[in-house]
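User: Could you take me through one part of this protein up close, starting from a single side chain and working outward? I'd like to know how it is placed, what it pairs with and how far I can trust the picture.

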Amino acid sequence: SGGSAISGAISGLINFQPAFNHLPNEYVIASATAGIQEAINILPPNGGRVNVNAGQNVIHGPIIVLNNGVEIKGTRGTLITSNPDTLHESMVRFGIEGGSGTYNSISNVRLQSSLFNEAQYLLDLTQQSNFIARDVTISGSNKGLRIQEGSFNVLLDNIDIYQVGSGFAGIYIDDGYAIAMDHIHVYNDDNTRGYGLHIAKGERIRISNSQFIVCKNAIVLECKASSTIEDILFENCIIAESGQTGIVLLSDFLDSKIISIHLNNSIVTNNGWHGIGLWTNDQGYINCVNITNCGIKKNNQNGIYLNGRTKQNYINVSNNHIIDNAQASTAYFGILATSNSGYLNITNNIISCVNNRATDPFNPVPPTRSYDAGIKIETTEGKYLTVFGNLIDGFPWNFNKLSIVNQSTQLTPTTQFPVTQSFFGNSEQANNRVNSNFTITGTGTILNLETSDAMFYELMPSGPEEIITITGGFPGRIVVIQNTASL
């Protein structure tokens, strides 16, 4: 309604008539971000540090960093919390769509939302490079931390995330490159909601010394259409107590590719479905997965499940302890592969059902629970399969230790057995016997092994069971080396 303010002046007076009148001191005009945004706005072009006060800092609008070299730093006990009635977008945002930033950072703060808000990430990185988040706690939001739009050279160190919301993730990487995550702790007290880590597109990502516990799925690599997830390394991690599968690799969108995934020296345990599951269909594919030196145990269904049609190749499962899985039913396995793919290497694993190991292997106790088989491979056209050096132990005599099932319904007398150029060998080790009972089953009328060159090496019987059983057709050539029992 008037005043003395002049454009460009440092100060001035504005008169206005409010639409609603309130009693004096009932409302106070103040910063929507506890002064944090104002401090960022007055930094020089090359950035600087914003020190956030200790204690609780309630914000009603987002904190947005659009320039470079900005450091948001708290002290022990610094809390930034939002008012859910007024903040309906990401709480702390570095960059916006179409913008970029470099050498920004945030440290020593706790970000907390008091209400699950589907529109809200507590920490959001857009087109950021050389970014560091260290000693940050994120809690109470549907969405925790997002990395998107080609952000690269990102370091996440000592990040605690808990109570993420349904269908969303503690950490979501929508498009990121060269990301290092160390000492990440994601814990959700409800295993029916939220992923621990969800990657939809990304390359050169390392996750180490971290744990993802009590989530719906702990780790989900779900590749978007026409995208790639490549060169992902997990090492020294704990994945436990998920409501569904602990680690999921899913490539079922058009031209989606998951390539070069490595899981080393980690524990995958007590998950509601599978320990590790790989799924593909005819539109996407998964290549070059390496699972080594891991403890995969006490998962309700399969320890490792490979379900890939013709779209999984170069899978290596070696030197793992795969123990006491199939907690929910005997219809599951230590390793179940139902992919029609090639170059599957299963070597030097210990696969055991500890709770059912008989004291006398020649007179096993009837099981109260066990695997249907230690390793089961179902295929119609798989090739270059190696199963060697595995210790398969603790199974009653009437359960398969290794089962190869040919599911092709179109075999002819000239059709080669679908598992080709393969090598099967398991040796007796001390008192932990390889309870052989190997089976090869074909559903076709003729099973021609002559061109398959299937080789079985040092198969040691431990009881009255047959060492090799072949059903479904006439066997061709089988080479058995140093076997202690005749066929």
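Analyst: **Starting at D175**

D175 counts as partly exposed, because its relative accessibility is 21%. That puts D175 just past the line, since buried means under 20%. Before going further, keep in mind that this is a predicted model, so everything below is computed from predicted coordinates.

What does D175 pair with? Its side chain meets that of K201 in a salt bridge, 4.0 Å from N to O. D175 sits in the loop between β15 and β16 (176-187), while K201 sits in the loop between β17 and β18 (202-208), so the pair ties together parts that are 26 residues apart in sequence. K201 is partly exposed too, at 29% relative accessibility. As a general point, side chains of opposite charge can pair when their charged atoms come close.

Now look at the strands named by those loops. Strand β15 covers residues 169-173 and pairs with β17 in the parallel sense over four bridges. One position to click on is Y172, whose bridge partner in β17 is H198. On β17 there is also a pairing with strand β20 (residues 217-222), again parallel and over four bridges. H198 turns up here as well, with V220 as its bridge partner in β20. So how covered is β17, which runs over residues 195-199? Five of its five residues are buried.

A little further along the chain there is another charged group. R204 and E203 form a salt bridge through their side chains at 3.3 Å, N to O. R204 is partly exposed at 37% relative accessibility, and E203 is partly exposed at 25%. Through salt bridges that share partners, E203, R204 and D231 join into one network.

For a contrast, try D124 and R146. Their salt bridge has its closest N and O atoms 2.7 Å apart. D124 is in strand β11 (residues 121-126) and R146 is in strand β13 (residues 143-148), so this pair links parts 22 residues apart in sequence. Here D124 is buried, with a relative accessible area of 4%, whereas D175 is partly exposed. The count for the protein comes to eight salt bridges.

Buried polar side chains are worth a look too. S251, in strand β23 (residues 247-251), is buried with a relative accessible area of 0%. A polar contact of 2.8 Å joins its side chain to that of S256. Leaving aside residues up to four places away, the residues S251 touches include W279, Y285 and I286.

Stepping back, the protein has one helix and 43 strands, and 52% of its 487 residues count as buried. Among contacts with a separation of 6 or more, 78% are between residues 24 or more positions apart.

As for trust, the average pLDDT is 77, and 70% of the residues score at least 70. Over residues 356-371 the pLDDT is below 50, though the model still gives this stretch 49 contacts beyond near neighbours in sequence. Residues 408-421 also stay under 50, with 47 contacts beyond four places in sequence. Where pLDDT is low, the predicted coordinates should not be read in detail.

Technical notes. Residues numbered from 1 in each chain as written. Predicted model: local features only at pLDDT ≥ 70, side-chain atom pairs only at ≥ 80, totals over all residues. Heavy atoms only, no water. Helix = DSSP H or I, 4+ residues; strand = E, 2+ residues; numbered from the N terminus. Buried < 20%, exposed > 50% of the residue type's maximum accessible area, 1.4 Å probe, protein only. Contact = heavy atoms within 4.5 Å. Pairing = 2+ DSSP bridges. pLDDT = per-residue confidence, 0-100. Polar contact = N/O pair within 3.5 Å; in protein donor to acceptor, adjacent residues only side chain to side chain.
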